[in-house]
Amino acid sequence: MTNQIYEKIRSEFEQKRREAQKAARMRKNEIYAAVPALAEIDRSINLTASEYSIRIINGENVENEMEDKLKQLSDKKDRCLSQHGLSRKDFMPVYSCPLCEDTGILNGEFCKCFKSRIIQENFKSSNIGNNLDYQSFEKFDFRFYPDDKYGSYPLTPYENMKRNYGICKKFADNFEKAKKSLLLIGGTGLGKTYLSTCIAKQLLTDGKSVIYISAVDFFKRIEKSRFEQNDGEMKMFESCDLLIIDDLGTEAPSAYTIAVFSDILDKRWRCERKLIISSNNRLSEFEKIYGQRVFSRLAGSFECLLFYGKDIRVQKFMNGED
Ligand SMILES: [Zn+2]
């Protein structure tokens, strides 16, 4: 969870809480206006309590007397309330979460209402949007990967996809313990984006912060950050739980953006924060485009998954499915 999101939700909760309390105060005034006797009893209760408190502070032994008096007044209040079809509940604020009373904290931990609000916000800020509705590990379709030998590859496209799927699923299931980031290499329409979206969806549901961004946008934003001090977006790229960069190699990098990209890779690697990078390029081409530093980081701390076979979008189109 990023600080920005946390702060935003925290102030949203504070606001909700204040509004519930304000509504309760207004309701109380309305009830007092309708039943003045009730207002009178409450005033007596307050007066009695403060009168006796002063006497107790002055050393008088009137605790029992005070308790009796307050009990009488409290009974009188209950009778008055029931006469008018009211209860003490009518004076209480109505919080949207009765468990934590809209504080977001329950027994020293985040309440489940707060957590689900964070998850919701993480989904929104992840950039993934509507893809999440229909893409999931459960819905992955292996039919488009034939179980026949393909070129000089040792595994058939089907066997290869089973392997890639397994690695991605394991990455999502054991995210905290995953040793390496993922580099998904291969042509378009072979499931790279689909599998990264499945991982993103699962992690977002677990309350992790995920940013999904195309390489073109990613490098544009780096370029833009050059002239902005204290850019929150760059901090997000460094600190989100998972950063997914789609289609690396389609952008036009400059010496500056490559240096920042390399820094982000290094910072994330030092904090053991994972990335998923997908690309049409071969690994060997990365050295030419991004230089030795980026190349050795990609080669050393990423697990490389190859995607091959026939473009699924073309297959679906031929079958009339799309
Ligand atoms: Zn709650």
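Asn 107 is exposed, with 7 other C-beta atoms within 10 Å; a residue is classed as exposed if 12 or fewer other C-beta atoms lie within 10 Å of its own, as buried if there are 20 or more, and as partly exposed in between, with C-beta atoms placed from the backbone. The structure is a predicted model, in which local features need pLDDT of at least 70, side-chain atom pairs count only at pLDDT 80 or more, and totals for chains, interfaces and linings use all residues. Residues are numbered from 1 along each chain as its sequence is written.

Asn 107 lies in the loop between strand 1 and strand 2 (109-110); helices (H or I, at least four residues) and strands (E, at least two) are DSSP runs, numbered from the N terminus. Although Asn 107 is not a glycine, its phi is positive, at about 50 degrees. Glu 101, in the loop between helix 3 and strand 1 (105-106), also is a residue other than glycine with a positive phi, near 50 degrees. Glu 101 has 18 C-beta neighbours inside 10 Å and therefore counts as partly exposed.

Helix 3 has 21 residues, and the distance from its first C-alpha to its last is 30 Å, close to the 30 Å expected at 1.5 Å a residue. The expected span of a helix is taken as 1.5 Å times one less than its number of residues. Helix 3 is hardly covered, the count of buried residues among its 21 residues being 0. Gly 85 follows helix 3 and has a positive phi, near 65 degrees.

Helix 2 (residues 36-57) packs with helix 3 (residues 63-83) at an angle of about 170 degrees, the axes being 10 Å apart. Axes are lines fitted to C-alpha atoms, for helices over the stretch in contact, and angles run from 0 to 180 degrees between N-to-C directions. Helix 2 and helix 3 are therefore roughly antiparallel to each other; angles over 145 degrees count as roughly antiparallel, those under 35 as roughly parallel, those of 65 to 115 as roughly perpendicular, and the rest as oblique. Residues making this contact include Leu 38, Ile 41, Ile 45 and Tyr 52 of helix 2 and Met 66, Leu 70, Leu 73 and Lys 77 of helix 3. Two residues are in contact if their C-beta atoms, placed from the backbone, lie within 7 Å. By class, the contact of helix 2 with helix 3 has 11 nonpolar, 2 polar and 4 charged residues, where Ala, Val, Leu, Ile, Met, Phe, Trp, Tyr, Cys and Pro count as nonpolar, Asp, Glu, Lys and Arg as charged, and the others, Gly among them, as polar.

A second helix pair is formed by helix 8 (residues 215-225) and helix 10 (residues 255-270), which pack at an angle of about 105 degrees with their axes 9 Å apart. This makes helix 8 roughly perpendicular to helix 10. Phe 219, Ile 222 and Glu 223 of helix 8 meet Thr 257, Val 260 and Phe 261 of helix 10. The residues of this contact comprise 4 nonpolar, 1 polar and 1 charged.

In helix 4 (residues 112-125), the end C-alpha atoms are 20 Å apart, which agrees with the 20 Å that its 14 residues should span at 1.5 Å a residue. Phe 114, Ile 118, Glu 121 and Asn 122 of helix 4 are buried. Viewed down the axis of helix 4, the buried residues fall within an arc of 105 degrees, so they line one face of the helix; the arc is that of the directions from the helix axis to the C-beta atoms. Lys 112, Ser 116, Gln 120 and Lys 124 are exposed on the other side of helix 4. Asn 127, just after helix 4, takes a positive phi of about 85 degrees.

The buried residues of helix 6 (residues 157-173) are Pro 157, Asn 160, Met 161, Asn 164, Cys 168, Phe 171 and Ala 172. These buried residues fall within an arc of 105 degrees down the axis of helix 6, so they line one face of the helix. Gly 166 and Lys 170 are exposed on the other side of helix 6. The cover over the buried residues of helix 6 includes strand 3 (181-186), helix 7 (192-205) and strand 7 (302-307).

Asn 164 has 22 C-beta neighbours inside 10 Å and so counts as buried. Apart from neighbours within four places in sequence, Asn 164 is in contact with Leu 195, Leu 305 and Phe 307.
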